[in-house]
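Please look through the structure below with its bound ligand in view. The paragraphs that follow begin at the ligand and then turn to what a database record says about the chain.

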Amino acid sequence: SVPHYGAAGTQKERTFIAIKPDGVNRGLIADIIARFEKKGFKLVGLKLVHPTEDFAAEHYDDLKARPFFPALVKYFASGPVVAMVWEGKDVILTGRKLIGATNPADAAVGTIRGDYCIIMGRNIIHGSDGADSAKHEISLWFKENEIADWESAVHKWTYEK
Ligand code: UDP
Ligand code: MG
């Protein structure tokens, strides 16, 4: 088996995806989950959490010097978020493609941000941006025993082997 944060570069690559409080409040949970599910990715971790501002600041630690950081932390801690871990080949990069550009004004139609939001400060979803951040974020949000390492019954209809 693989570590709970997955194995980047394999079919067991894992990424951390969070539906932010605006996405939850706007009733977009089911639609967002459906997009990852229908793509063929496998859900291996899921919980609803209301982050504290301290936890939000830890999650976005890399951005602490940026001018928008205080507003970002308040936004992210303003309500419950749906924290998820998704698994599959190239899920980190492909997950970012499903999400779309950081600024919803630049996000292509058909992406989550392109379809459902307007401004950067309310862009409804987070996704890890690389293997290192995926490992770090999955480990920050999920304990080992909160990740389900399971085999899909339709694996052979999604992958050749
Ligand atoms: N953000 C913002 N203003 C900016 C840049 C980013 O409000 O000028 C917010 C936005 O919600 C974004 C989050 O900060 O999703 C994290 O920024 P990052 O550059 O990591 O973008 P992401 O990885 O979410 O696309
Ligand atoms: Mg980011």
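In this predicted model, ligand 1 sits in the largest pocket. The residues that surround ligand 1 are Lys20, Tyr60, Leu63, Phe68, Leu72, Arg96, Thr102, Arg113, Met120, Gly121 and Asn123, and when this shell is sorted by class it comprises five nonpolar, three polar and three charged residues.

Which atoms of the protein lie 2.7 Å, 2.5 Å and 2.9 Å from oxygen atoms of ligand 1? A polar atom in the side chain of Arg96 lies 2.7 Å from a ligand oxygen, while the side chain of Thr102 places an N or O atom 2.5 Å from an oxygen atom of ligand 1. Met120 takes part through its backbone, where an N or O atom lies 2.9 Å from an oxygen atom of the ligand. Considered alone, ligand 1 exposes 500 Å², of which the protein buries 79%.

The picture can now be set beside the record. An unreviewed UniProt entry annotates Lys20, Phe68, Arg96, Thr102, Arg113 and Asn123 as "binding site". Of these annotated residues, Lys20, Phe68, Arg96, Thr102, Arg113 and Asn123 are included in the lining of the largest pocket, the pocket in which ligand 1 sits. As for its place along the chain, Lys20 is found in the loop that runs between β1 (14-19) and α1 (21-25).

The unreviewed UniProt entry also places a feature, "domain: Nucleoside diphosphate kinase-like", at residues 12-149. Over that stretch the chain is 41% helix and 17% strand, and the C-alpha atoms at its two ends are 9 Å apart.

How values were computed. Residues numbered from 1 in each chain as written. Chains lettered and ligands numbered in written order. Predicted model: local features only at pLDDT ≥ 70, side-chain atom pairs only at ≥ 80, totals over all residues. Heavy atoms only, no water. Near = heavy atom within 4 Å. Polar contact = N/O pair within 3.5 Å; in protein donor to acceptor, adjacent residues only side chain to side chain. Areas by Shrake-Rupley, 256 points an atom, 1.4 Å probe, with all protein chains shown as cover. 1 Å grid on protein atoms, 1.4 Å probe; cavity = no way out; pocket = protein on both sides within 12 Å on 5 of 7 lines; lining within 4 Å. Sits in = over half its atoms within 2 Å of the grid points. Nonpolar A, V, L, I, M, F, W, Y, C, P; charged D, E, K, R; others polar. UniProt positions renumbered as here; feature names shortened; annotations may be inferred. Helix = DSSP H or I, 4+ residues; strand = E, 2+ residues; numbered from the N terminus.
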